[in-house]
Amino acid sequence: MSKQATKLLWAAFLFIALLAMGQLSKGEAQEQADWLISYCTDAAIWQAEEARGVPLNQRTGQPDYRGIAAEQCPGMRPAAPALDEYAPAQYAMPSTVPVNQLVQF
């Protein structure tokens with residue numbers, strides 16, 4: 001094989017390797033984005049349940065163990081605490097229905 005053919009073969013191999021690396025990095029970027037969405041969802045669930053007063057052993061999600069949710073999770077803000085005076089059954093039903101009764105529609 002001539003020197004020029006060898007150089008052309010190496011150039012083609014390097015070009016194919018660069019294309020493969022580019023595709024791998026796109027896949028890794030998508031995996032990173034999927035992981036961040038999952039992390040933000042879990043951190044938001046944990047934070048909302050914490051604000052509602054759910055006991056630690058009954059919470060779902062996960063705490064913000066990396067400390068990145070404030071910067072990396074768009075739109076995430078602390079949940080408001082539960083209101084003790086709020087009783088929707090009181091407004092939707094007659095006064096004979098107990099306020100603490102759970103109603104499913």
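Is tryptophan 35 buried, partly exposed or exposed, and what is its relative accessible area? In this predicted model, tryptophan 35 is partly exposed, with a relative accessible area of 29%. The value falls between the limits of 20% for buried and 50% for exposed residues.

The aromatic contacts of the model comprise 2 aromatic pairs. In one of them, tryptophan 35 and tyrosine 39 are stacked, with 5.2 Å centre to centre and 25° between the planes. Both residues belong to helix 1, where they are 4 residues apart, about one turn of the helix. In contrast to the partly exposed tryptophan 35, tyrosine 39 is buried, at 1% relative accessibility. Tyrosine 39 also pairs with tyrosine 65: the ring centres are 5.4 Å apart and the planes stand at 75°, so this pair is edge-to-face. The contact links distant parts of the chain, since tyrosine 39 lies in helix 1 and tyrosine 65 in the loop between helix 1 and helix 2, 26 residues apart. Through these ring pairs, Trp35, Tyr39 and Tyr65 are linked into a cluster.

A covalent connection also involves helix 1. The model contains 1 disulfide, which joins cysteine 40 to cysteine 73 with an S to S distance of 2.0 Å. The link between cysteine 40 and cysteine 73 is left-handed, with -85° about the S-S bond. Cysteine 40 is located in helix 1 (residues 3-52), whereas cysteine 73 is located in the loop between helix 2 (69-72) and helix 3 (88-92); the disulfide therefore ties together parts that are 33 residues apart in sequence. Both cysteines fall below the 20% limit for burial: cysteine 40 counts as buried at 12% relative accessibility, and cysteine 73 counts as buried at 4%.

Two further features concern tryptophan residues. At tryptophan 46, the charged end of arginine 59 sits over the ring, 5.1 Å from the ring centre. Tryptophan 10, for its part, is placed in helix 1 and is exposed, with a relative accessible area of 54%. Together with Phe13 and Leu14, Trp10 forms a nonpolar patch on the surface, and the accessible area of these residues together is about 370 Å². Helix 1 thus carries the exposed tryptophan 10 as well as the buried tyrosine 39 and the buried cysteine 40.

Technical notes. Residues are numbered from 1 along each chain as its sequence is written. This is a predicted model: local features need pLDDT of at least 70, side-chain atom pairs count only at pLDDT 80 or more; totals for chains, interfaces and linings use all residues. Side-chain values use heavy atoms; hydrogens and water are left out. A disulfide is a pair of cysteine sulfur atoms within 2.5 Å. Helices (H or I, at least four residues) and strands (E, at least two) are DSSP runs, numbered from the N terminus. Buried means under 20% relative accessible area, exposed over 50%, partly exposed in between (1.4 Å probe, protein chains only). Patches are made of residues with over 30% relative accessible area and no salt bridge: like charges are joined within 9 Å, nonpolar side chains (Val, Leu, Ile, Met, Phe, Trp, Tyr) within 5 Å. Accessible areas come from the Shrake-Rupley method with a 1.4 Å probe; for residues, only the protein chains shown count as cover. A salt bridge is a side-chain nitrogen of Lys or Arg within 4 Å of a carboxyl oxygen of Asp or Glu. Rings of Phe, Tyr and Trp (its six-membered ring) pair if their centres lie within 6.5 Å; planes under 30 degrees apart count as stacked, over 60 as edge-to-face and the rest as tilted. A charge sits over a ring if NZ of Lys or CZ of Arg is within 6 Å of the ring centre and within 35 degrees of the ring normal.
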